[in-house]
Amino acid sequence: MFSKKHTYAFLLAGIAFLILQGSVIAQQTTVVDSALLQRVDALEQHAADRKPGEDYFMVAGLTTFGFASHTATTNGVKTKSNSIVDGDNYEFSPMLLWRHGQKFLMEFEPSFAGGQLGVNWADISYFATPGVIIRAGYLVLPFGSYSKRLAAGWINKLATDPEGVADQPPLTDYAVEVEGGFQTGTMKWNYDVAIANGMQLNPDGTIQNAGLAPTNNNKNYCGRIGWLPFSNSSLELGLSGMTGKLGDPGSSFQSAKSAMWAVDLNFIQKLSPFQLNIKGQYEVIDINQTDYINPIDSSNYSFSNHSTAGYIMAALRPSFVQNKVLKNLELAARYGNYQTPTNSLWGMKDNSFAIGLNYWISWRTVLHLTYESIRSESTISTNLGGTPGTTTTTNSVYLQFSIQL
Amino acid sequence: MKCFLNNKMSIIVIMTITIASVSALFVGCTASQKITTKSGAQLWAENCQRCHNTPSPSTFSHDQWVTIGMHMQSRALLTDAEREKIVAFLKQ
């Protein structure tokens, strides 16, 4: 059908077409490569122009809110109340972290809680050498482990704080602190010591922080030492102490002095398919002053200024099961005991028990469902108008959401 | 301190410490390792969960992890080696 001439012509035409196509593709490729190169050059220039600098500023923080329902029974008389946003446990606390290189860190956490705007801490840390961090400012003092490490709503396993432990003695103060951690063999140790402006003894026997302008030279000395005996850090035992003078020179409280002790425990263990967590703290507050002034009628009254507070908490979570819903559930229970000075105006013996079911929406977001029962027995003396032995039982249910951002 | 040993709570705490210590003796001693021999991932798993759940590395940027590492070192009183290894792992 085709002659040789036709065949050659056809082949030549085909080859010419292929060469032409290749040339067009090559030209297109060159155009694309050129654009890419220009873009890469621009990005490289942009990256070279951008100086990350030594400083870095970020905002983190947390918020906790929810619903609480309370039923209190005193001498057979019941009173009920409930609150949206769970007034006692609502918190909105953005935390500002400002890092200067690898040595300095400024931390500031304003907090809207209990209907008031306050400050949780405002301090600067200097990472001096390995194992030595020096901090100054308004900070949480090293006494026990709860207030400094565990009180945040997204960390706490229950919707409420253990009574007394979270707020007695007052632990946020103007202070200078030195702290650090180190290893000896396969064990770890940590230390945390501070000198603070200190506390003042009120005429009725209560204590409060001296604040920015104390009226005396007194200082508060406190510290905690932590021991992690096992290399997997599964157990930490802490021992804390705090002491300081509490009164102005020349006043009736000039010899008043505090002696406070605390022990704390943290234990984590995998018990497949569960994760077990036990935490606890027990503290003793002693003030050597016994004579005070009744704020109601200015009469003198005496009592032994001795308080104790403690809790033990256990939580169990099936972290190692496959089911995605089940592995995010956690069961927690806590027993607490809080005793304020007998025969004081605020004397009481509280026993509390709380049980809760948590659902972890993410590693830092939790929904707490907590039931808590507190049995409070009055120890206010009859001389002060009290009725020793009167008991009030308060049963509460909390549904609470907490997130760290 | 005078009421320390008379208080029901103190007995519970002491018992718990004893139980936990004995338990840990059986469980914790089986894997004694120095920090220098551990990976960042292992230290992350062991230390973060002492207080809270272990964070996902994707949660924060590199610069943020460096900053948070300093913040957490002062809270949990980690050693410097632990902080450096954990932050290096979280930056990956």
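A residue counts as buried if 20 or more other C-beta atoms lie within 10 Å of its own, as exposed if 12 or fewer do, and as partly exposed in between. The exercises below use this rule on a predicted model of two chains, A and B.

**Exercise 1. Describe the overall form of chain A.**

Step 1. Start with burial. Chain A has 405 residues, and 36% of them count as buried.

Step 2. Take the secondary structure. Chain A holds two helices and 21 strands.

Step 3. Test the chain against a globule. A compact globule of 405 residues would have a radius of gyration near 22 Å. Chain A has 32 Å.

Step 4. Look at the extents. The C-alpha trace spans about 130 × 50 × 45 Å along its principal axes.

Step 5. Check the contacts. Take those in chain A with a separation of 6 or more: residues 24 or more positions apart account for 56% of them.

**Exercise 2. Do the same for chain B, and state how confident the predictor is.**

Step 1. Count the elements. Chain B has four helices and zero strands. Along the sequence the pattern reads α-α-α-α.

Step 2. Add burial. Of the 92 residues in chain B, 36% are buried.

Step 3. Add contact range. Among contacts between residues at least 6 apart in sequence, 65% join residues at least 24 apart.

Step 4. Read the confidence. Chain B has a mean pLDDT of 80, with 65% of its residues at 70 or more. Over residues 1–5 of chain B, pLDDT stays under 50. For that stretch the model has eight contacts beyond four places in sequence.

Step 5. Turn to the complex. The predictor gives an ipTM of 0.84 and a pTM of 0.83.

**Exercise 3. Work out how H2(B) packs against H4(B).**

Step 1. Set the geometry. H2(B) and H4(B), the latter covering residues 80–90, have axes 8 Å apart. The angle between them is about 105°.

Step 2. Classify the angle. Values from 65 to 115 degrees count as roughly perpendicular, so H2(B) is roughly perpendicular to H4(B).

Step 3. List the partners. H2(B) supplies B:Gly40, B:Ala41, B:Leu43, B:Trp44 and B:Asn47. H4(B) supplies B:Glu82, B:Lys85, B:Ile86, B:Ala88, B:Phe89 and B:Leu90.

Step 4. Sort them by character. This contact comprises seven nonpolar, two polar and two charged residues.

Step 5. Find the buried positions. In H2(B) they are B:Leu43, B:Trp44, B:Glu46 and B:Asn47. Their cover includes H3 and H4 of chain B. In H4(B) the buried residues are B:Glu82, B:Arg83, B:Lys85, B:Ile86, B:Val87 and B:Leu90. H2 and H3 of chain B are among what covers them.

Step 6. Consider the spacing. An α-helix has 3.6 residues a turn, so residues three or four places apart point the same way.

**Exercise 4. Characterise the side of chain B that touches chain A.**

Step 1. Count both sides. 45 residues of chain B are in contact with 55 residues of chain A.

Step 2. Assign elements. Helix H1 (8–28), helix H2 (40–48) and helix H3 (62–76) of chain B each give two or more residues. H1(B) gives the most, with 13 residues.

Step 3. Sort by character. On this side of chain B, 19 residues are nonpolar, 19 are polar and seven are charged.

**Exercise 5. Compare the settings of two threonines, B:Thr79 and A:Thr73.**

Step 1. Place B:Thr79. This residue lies in the loop between H3 and H4 of chain B.

Step 2. Apply the burial rule. B:Thr79 has 21 C-beta neighbours inside 10 Å, so B:Thr79 counts as buried.

Step 3. List its contacts, leaving aside neighbours within four places in sequence. On chain A they are A:Gly131, A:Gly181, A:Phe182, A:Gln183 and A:Lys188. On chain B there is B:Ile35. B:Thr79 and B:Ile35 are 44 residues apart in sequence, with 9.0 Å from C-alpha to C-alpha.

Step 4. Place A:Thr73. This residue sits in strand S1 (residues 55–74) of chain A.

Step 5. Apply the rule again. A:Thr73 has 15 C-beta neighbours inside 10 Å and therefore counts as partly exposed.

Step 6. List its contacts. Not counting residues up to four places away in sequence, A:Thr73 touches A:Lys78, A:Thr392 and A:Thr393.

Step 7. Add a distance. A:Phe303 is 230 residues from A:Thr73 along the chain, and their C-alpha atoms are separated by 28 Å.

How values were computed. Residues numbered from 1 in each chain as written. Chains lettered and ligands numbered in written order. Predicted model: local features only at pLDDT ≥ 70, side-chain atom pairs only at ≥ 80, totals over all residues. Contact = placed C-beta atoms within 7 Å. Nonpolar A, V, L, I, M, F, W, Y, C, P; charged D, E, K, R; others polar. Rg over C-alpha atoms; globule rule 2.2 N^0.38 Å. pLDDT = per-residue confidence, 0-100. Axes fitted to C-alpha atoms, helices over the stretch in contact; angles between N-to-C directions. Parallel < 35°, antiparallel > 145°, perpendicular 65-115°, else oblique.
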